[in-house]
Amino acid sequence: MPERRKLLPRLDYLLAFESAAVTGSFAAASRELNISETAISRKVKLLELHYNLALFNRAHRSISLTPQGHDLLARVTQSLEILRDASQDIFSTQQENSVTLAATNSVAALWLMPRLHKFNRANSRVKIMLVASDNDDECLAESVDLSILRGEGDWPGHDAEFLFGETVFPVCSPDFLTNNPAAKRIENYGKIDLIEVTNAHTEWSNWRSWMGAVNRPNFELNRAALFNTYPLAIQAAVDGLGVALGWQHLVDHLIDSGKLVRPIPDLSLRTQSGYYLLRPQKAASFAEREIVEKWLLQTAAARKRYVPRG
């Protein structure tokens, strides 16, 4: 007989199975767990392979539990509830004042971090656990209390409140501009060191798409330093490596401190997207989360306003 520890399947297989069984479809389970429908189907299939039996009857547009699936669901539900209760007890006793706040790497590093010290001074009993990730599934995980993501305001299962819009413009260090005065004219940018982000995350426009949007469709990008995250690209601009695209409120504090300047002050692009504060609809509110939420909304409301010009 196999060792008892080897009898257990992975927990994510059981969670996918439970959600699909309770909701009655892989699509509904996908929405509930914030992972793809394909991932739900694959995890359930791996669970069936683990036990070497069918847990669902699969039709063209529906699924139903087999007798073995019904038996397993009853035990899995009971076991998961025990684990959830145990986790809730631990969080209640050890992290009573903790709020998990998730955001993209750029927002976490460039918008939240410069402001957290003010929040901590004013709210000493509330602890923010900051999760930085460019994976939306991680930012919308069940363990996350609040998220900040870029989009158009529609995230299933979440209430969204607008924080700030998206205005994009060139930025560089003062020394770079002094040594490269040609950066003051957009027609010279094919001969200037430009800093590019190669991250596949949809948050980032690149120089070519930005140039097209400001009516420079034939722009040739000849010289560029490449980085895989936006915070690295902005640090490169601060260090004088070239001109980067600056996302309004993510670089405001660097412009205000004089570390960055706008070489062409009257040229910017406003997109249709924005940054939103997300709350999971199924999660119960609690005092600490409300404090963090209020602070984020007030901080965003006090932001600098931009009037984009192309």
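In the predicted model, Asn52 adopts a positive phi of about 60° just after helix H4. The helix that precedes this residue covers residues 37-51 and contains 15 residues. From the first C-alpha of H4 to its last, the distance is 22 Å, which is close to the 21 Å expected at 1.5 Å a residue. Six positions within H4 are named as buried, namely Ala39, Ile40, Lys43, Val44, Leu47 and Glu48. An α-helix has 3.6 residues a turn, so residues three or four places apart point the same way. The buried set in H4 includes Ala39 and Lys43, as well as Ile40 and Val44. Two charged residues, Lys43 and Glu48, are among the buried positions of this helix.

The largest pocket of the model encloses about 1,900 Å³ of space. Its lining consists of 44 residues, and those closest to the centre are Arg84, Ala141, Glu142, Ser143 and Val144. Two or more lining residues are contributed by each of helix H2 (11-23), helix H3 (26-33), helix H5 (67-94), strand E3 (98-103) and helix H7 (136-139). Of these elements, H5 provides the largest share, with ten residues. Sorted by class, the lining of the largest pocket comprises 17 nonpolar, 13 polar and 14 charged residues.

The second largest pocket holds about 480 Å³ of space. A total of 17 residues line this pocket, and Leu8, Pro9, Tyr51, Leu72 and Val76 lie nearest its centre. The elements giving two or more residues to this lining are helix H1 (4-7), H2 and H5. Here too the largest share comes from H5, which supplies eight residues. The lining of the second largest pocket is made up of twelve nonpolar, two polar and three charged residues. Helices H2 and H5 thus appear among the contributors to the largest pocket and among those to the second largest pocket. Tyr51, one of the residues nearest the centre of the second largest pocket, is also the last residue of H4.

Further along the chain, Asn179 belongs to helix H8, which runs over residues 174-179. The relative accessibility of Asn179 is 61%, and the residue is therefore classed as exposed, the cut-off for this class being over 50%. Asn179 and Ile195 are 16 residues apart along the chain, and their C-alpha atoms are separated by 16 Å.

How values were computed
Residues are numbered from 1 along each chain as its sequence is written. This is a predicted model: local features need pLDDT of at least 70, side-chain atom pairs count only at pLDDT 80 or more; totals for chains, interfaces and linings use all residues. Side-chain values use heavy atoms; hydrogens and water are left out. Helices (H or I, at least four residues) and strands (E, at least two) are DSSP runs, numbered from the N terminus. Buried means under 20% relative accessible area, exposed over 50%, partly exposed in between (1.4 Å probe, protein chains only). On a 1 Å grid over the protein atoms alone, a cavity is a set of points where a 1.4 Å probe fits but cannot get out, and a pocket is an open set with protein on both sides within 12 Å along at least five of seven lines; lining residues have an atom within 4 Å of a point. Grid points are joined across faces, edges and corners, and a volume is the space filled by probe spheres set on the points. The expected span of a helix is 1.5 Å times one less than its number of residues.
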